[in-house]
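Q: Could you take me on a close look at one strand in the middle of things, together with what surrounds it? I would enjoy one connected walk through the neighbourhood rather than a list.

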Amino acid sequence: RKRVAIMISGGGSNMVALLDSMTADHPAEPCLVLSNDARAGGLAKAAARGVPTTVVDHRPFGKNRSAFEDELMKPLLAAGTDIVCLAGFMRVLTDGFVSRWQGRMLNIHPSLLPKYKGLHTHQRALEAGDSEHGCTVHEVTARLDDGPILGQARVPVMEGDTPDSLAARVLVQEHRLYPAVLRRFAGGDRRPLMLD
Ligand code: GAR
């Protein structure tokens, strides 16, 4: 089975969906949850599921992102990581780090890429008057929120939506999409999965 490390910065609801999907018949198993923030709510949820956790605080490294990433590499390698899943990991990674995980690192982004790379995706979709919105799982490449699309799920934008109400609707789909994509990816299938 492929060994999956999940990188988080916050509540970790996508991490929980991934962990809970990796049942005995799954082609992958969790090996590590790694956070850049000791306050991330996801850490306790991982521990409760028996998954090892490590915190590498980015702050002492200041602008020296590659020194921070060298510290991230250590637990990832020690855990025997085959696949890295970014799940609400809110630090931008350098080309050097990304290239070391080329073809083995996934990210979930809360928009229908290539629309709305970066932050505030729900607000931007509302401001644009979009009638649909959603989420994307993609392979991570050197360009932010870019790289081959492995899956997308769509939601309608409703009358009266706020960024929060739209985010909640998208998040439900993130929790379906990411586990489904990881299962396929770990089994060697990289064809895009499109969910409605
Ligand atoms: C998710 O909506 C994820 O798509 C988004 O952060 C949230 C994390 O929630 N990711 C990004 O914005 C990446 N730039 P979670 O911690 O509950 O999974």
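A: Happy to. One yardstick first: a residue counts as buried under 20% relative accessible area, as exposed over 50%, and as partly exposed in between. Please keep in mind that this is a predicted model.

Let's settle on strand S5, residues 105-109. S5 is mostly covered, with five of its five residues buried. In a regular strand the side chains alternate between the two faces of the sheet. In S5, Met105, Asn107 and His109 are on one side, Leu106 and Ile108 are on the other, and both faces are covered.

Now for the partners of S5. Strand S4 (residues 83-86) runs parallel to S5, and three bridges join the two. Within that pairing, valine 84 has methionine 105 as its bridge partner. S4 and S5 also belong to a right-handed β-α-β unit, whose helix is H4, residues 95-100. Strand S6 (residues 132-139), in contrast, is antiparallel to S5 and is joined to it by four bridges. Here histidine 109 stands opposite threonine 136 of S6.

Stepping back, S5 is part of an open sheet of eight strands with mixed pairing, in the order S3-S2-S1-S4-S5-S6-S7-S8. Strands S3 (53-55) and S8 (193-195) stand at its edges; each has a single partner strand, so one side of each is left without a neighbour in the sheet. On average, neighbouring strands of this sheet are turned by 20 degrees against each other, direction ignored.

If we move from S5 past S4, we reach S1 (residues 2-8), which runs parallel to S4 and is joined to it by four bridges. In this pairing isoleucine 6 stands opposite cysteine 85. Those two residues turn up again in the largest nonpolar core, a set of 35 residues in which Ile6 and Cys85 have the most contacts. Helix H6 (residues 163-186) gives this core its largest share, eight residues. There is also a second, separate core of 20 residues, with Met73, Ala79, Leu86 and Trp101 among them. Cysteine 85 brings us back to S5: beyond its neighbours within four places in sequence, its contacts include Leu106, along with Val4, Leu18, Tyr178 and Leu182.

What lies across these strands? Helix H1 (residues 13-21) lies across S1, S2 (28-35), S4 and S5, at about 165 degrees to S1. Serine 21 is one of the residues of H1, and its relative accessibility of 16% means that it counts as buried. Beyond its neighbours within four places in sequence, serine 21 is in contact with His26, Pro179 and Arg183.

Helix H3 (residues 65-78) lies across S1, S2, S3 and S4, and runs at about 155 degrees to S2.

One last stop is the aromatic pair, of which the structure holds one. The ring centres of phenylalanine 61 and phenylalanine 68 are 6.0 Å apart and their planes are at 45 degrees, so the pair is tilted. This is where the opening yardstick comes in: phenylalanine 61 has a relative accessible area of 25%, so it is partly exposed. Phenylalanine 68, at 5% relative accessibility, counts as buried.

Definitions and conventions. Residues are numbered from 1 along each chain as its sequence is written. This is a predicted model: local features need pLDDT of at least 70, side-chain atom pairs count only at pLDDT 80 or more; totals for chains, interfaces and linings use all residues. Side-chain values use heavy atoms; hydrogens and water are left out. Buried means under 20% relative accessible area, exposed over 50%, partly exposed in between (1.4 Å probe, protein chains only). Two strands pair if DSSP finds at least two bridges between them. A crossover is right-handed if, with the strands pointing away from the viewer, the path from the first strand over the helix to the second runs clockwise. A nonpolar core is a set of buried Ala, Val, Leu, Ile, Met, Phe, Trp, Tyr and Cys residues joined through side-chain atoms within 4.5 Å. Contact means heavy atoms within 4.5 Å. Axes are lines fitted to C-alpha atoms, for helices over the stretch in contact, and angles run from 0 to 180 degrees between N-to-C directions. Rings of Phe, Tyr and Trp (its six-membered ring) pair if their centres lie within 6.5 Å; planes under 30 degrees apart count as stacked, over 60 as edge-to-face and the rest as tilted.
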